[in-house]
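Here is a walk through one protein model with its ligand. Begin at the binding site, then turn to the backbone.

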Amino acid sequence: MCGIFGVIANNDNVKDQIFDGLRRLEYRGYDSSGIATINNDQINCIKSQGNLDQLQKKLINEDLLGNVGIGHTRWATHGVPNEANAHPHITDEVAVVHNGIIENFSLLKNQISETGINFKSETDTEAIAHLITLYLKSGMGSYEAIRATTEDIKGSYALAIIVRSEPNKLYAVRKGSPLAIGSSDSKNYIGSDGYSLGNYCNEVTYLKDGDIAIIKNDAFEIFDHQNEFINRKSQIIDKTVTLAEKGAFKHFMSKEIHEQPSVIQDSISHYINNEDLTVNLPKFPFNITNLKNITLVACGSSYYSGLVAREWFEKLARVKVDVEIASEFRYREAPMDSSGLTVFISQSGETADTLAALKHCKKLNQKTISIVNVPNSSMCRNSDSSLKIFAGPEIGVASTKAFTCQLVVLASLAIHIGRINGNLSDDDENNYVKSLLDVPRLISNVLDQEEDLIKIVKELNPIKNALYLGRGQMYPVALEGALKLKEISYIHAEGYPAGEMKHGPIALLEKGLPVIIGAPSFNLFDKTASNLYEVIARDGNVLLITDQEGLNHLGDTTKKIKSFIVDEANIITAPFIYTIPYQLFAYHTALLKGTDVDQPRNLAKSVTVE
Ligand code: M6R
């Protein structure tokens with residue numbers, strides 16, 4: 001993962017711009033960070049353990065002058081998150097920042113150590129700095145030394161490099177991890193994404209695998225993997241994505257939970273025609289009539305949104321759906337119908353496993369659609385067609401509004417396919433669309449009951465373990481609820497299909513174990529209620545999320561459980577309505593525990609390594 005930012009200017013102080021760029025990249029990692037510049041024929045470097053606030057404190061007391069510099073915000077792969085392992089990694093001659101993994105680093109480290117060099121860190125990246133330096137000392141020029149190094153290293157990398165003897169140049173290298181160049185008057189920049197460059201540039205040029213760029217303050221040249229000069233097309237940066245502010249909210253996660261009615265409205269307005277109550281998707285560059293099978297591929301919460309959507313595609317469009325975890329799918333060599341449709345779901349559009357699965361599917365002649373939040377992300381650029389979810393920047397590491405906005409797009413796509421393949425009538429389409437249009441109001445209703453949920457959280461806490469149960473779409477919603485709790489409060493939680501409990505997880509039940517059950521009255525309520533009784537019989541502490549009708553069904557049993565009542569739902573609205581209490585539950589549990597809600601330990605917003 002990790003974020004890279006670099007600046008080369010005329011004779012400016014680039015430190016502040018690098019720091020600002022890193023702020024925009026903090027979603028990619030925040031366990032340590034650092035900046036290096038060249039000044040007076042010397043490389044200067046400041047690094048810090050912890051997030052960027054820690055680096056900022058150090059920078060206040062440091063000049064760190066220079067017209068060229070590189071910065072990095074890290075998510076540890078090799079070596080613990082401490083200052084020594086923080087990037088940049090420097091030698092007397094070069095400073096290097098890296099996003100990715102060097103797979104043959106142990107071998108390289110041994111070879112380099114044999115020349116008498118002592119490593120100062122446990123990272124794979126330090127090997128790159130030493131290799132370039134060794135090549136420089138052997139008499140090569142900087143570009144040749146960097147190219148030779150890329151021939152030695154295996155794995156994935158985006159690199160930004162500065163060379164002490166060349167303060168008028170900045171080098172950028174890409175293989176497998178994203179990197180882009182942005183230009184403005186008399187300054188050039190590199191960043192891990194277009195968003196980080198958006199403050200300073202209007203246009204961005206994405207490097208391709210194998211590219212090495214030599215960047216000066218007023219021009220840059222790119223050489224491809226065959227060492228040929230190449231003209232890569234630039235793209236206009238989407239400036240609608242601005243740096244998000246917390247406003248009056250204590251955490252981004254809380255802000256993002258509360259933004260859902262409005263961002264979902266935004267998303268709906270892009271895909272729904274609310275005058276004639278129809279779905280209005282952009283034209284795809286391929287035919288999607290008569291689809292026999294759709295594959296949905298994603299990771300984490302995005303995978304769960306795929307699991308929710310499976311039922312929409314199956315029931316509304318009568319198309320068979322496989323939902324795949326990208327990291328497994330990409331290596332499984334699953335046979336695929338040639339010219340089938342594969343949909344990639346991702347908030348960031350940069351998740352390495354999902355991106356690799358996309359590339360794999362393109363080789364298999366699949367029609368590809370990506371459903372993403374970040375505009376111009378790698379997935380947008382690499383898929384045949386891209387549907388944006390319009391959630392706006394999601395900063396909290398735990399996905400909330402992106403998950404529900406993905407659901408809007410997936411529901412729209414399912415209705416659309418159901419309509420064109422003749423499974424849905426005009427009336428059916430109108431009715432499902434009406435339900436979708438009602439989602440913002442229904443979510444607001446749940447948010448209005450936040451105080452009730454806080455009370456329940458306080459009663460149930462302290463929580464050591466939790467079980468989340470549900471049937472149908474409430475099963476992936478349960479998985480999502482359990483993931484939220486795990487991520488931000490570090491409490492062990494399992495999501496299970498309610499009917500599967502008796503096949504094993506029931507052994508976990510003991511007095512007081514919180515068991516959170518989502519059960520809308522319209523779907524399989526009595527079946528889920530049977531599982532609820534089984535929990536009560538074993539002294540579990542049930543929190544039931546249901547509607548009034550569901551609660552009425554339970555009669556006196558309601559006295560033995562805690563309940564949170566939501567509006568009546570249907571197949572379209574249920575996953576939205578029932579996700580919100582789970583988000584709030586996780587958030588308030590984490591608040592009580594005092595964990596870092598927006599930047600939980602060991603995680604990063606965008607997972608750009610395997
Ligand atoms: O950016 P993506 O949607 O591809 O990210 C996928 C997962 O890494 C992400 O959903 C992760 O599980 C979140 N932290 C969940 O809250």
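This is a predicted model. Start with the domains around the ligand. Domain 2 (247-437) and domain 3 (447-597) each give at least three residues to the shell around the ligand. Two elements supply two or more residues to this shell: helix H9 (300-317) and helix H16 (474-489).

Now count the shell. The ligand has 15 residues around it. Ser302, Ser346, Gln347, Thr351 and Glu487 are the closest of them. Sorted by class, 8 residues of the shell are polar, 5 are nonpolar and 2 are charged.

Next come the polar contacts. Take the ligand's oxygen atoms first. One oxygen atom of the ligand lies 2.6 Å from a polar side-chain atom of serine 302. Serine 348 also uses its side chain: an N or O atom there is 2.7 Å from an oxygen atom of the ligand. With valine 397, the backbone takes part. A backbone N or O atom of valine 397 is 3.1 Å from a nitrogen atom of the ligand. How much of the ligand's accessible area does the protein cover? On its own, the ligand has 410 Å² of accessible area, and the protein covers 92% of that. As for the site itself, the ligand sits in the second largest pocket.

Leave the ligand and follow the backbone. Most peptide bonds are trans, and most residues other than glycine have a negative phi. Three places in this model are worth checking against that background.

Look at the loop between strand E4 (68-74) and strand E5 (89-90), where proline 88 is found. The peptide bond that leads from histidine 87 into proline 88 is cis, and its omega is near 0°. Proline 462 is in another loop, between helix H15 (450-460) and strand E23 (465-470). Asparagine 461 and proline 462 are joined by a cis peptide bond with omega about 0°.

The last place concerns phi. Which sign does phi have at asparagine 40? Asparagine 40 is not a glycine, yet its phi is positive, at about 50°. Asparagine 40 lies in the loop between strand E2 (32-39) and strand E3 (42-49).

Note on methods:
Residues numbered from 1 in each chain as written. Predicted model: local features only at pLDDT ≥ 70, side-chain atom pairs only at ≥ 80, totals over all residues. Heavy atoms only, no water. Near = heavy atom within 4 Å. Polar contact = N/O pair within 3.5 Å; in protein donor to acceptor, adjacent residues only side chain to side chain. Areas by Shrake-Rupley, 256 points an atom, 1.4 Å probe, with all protein chains shown as cover. 1 Å grid on protein atoms, 1.4 Å probe; cavity = no way out; pocket = protein on both sides within 12 Å on 5 of 7 lines; lining within 4 Å. Sits in = over half its atoms within 2 Å of the grid points. Helix = DSSP H or I, 4+ residues; strand = E, 2+ residues; numbered from the N terminus. Nonpolar A, V, L, I, M, F, W, Y, C, P; charged D, E, K, R; others polar. Domains from an automatic or database assignment.
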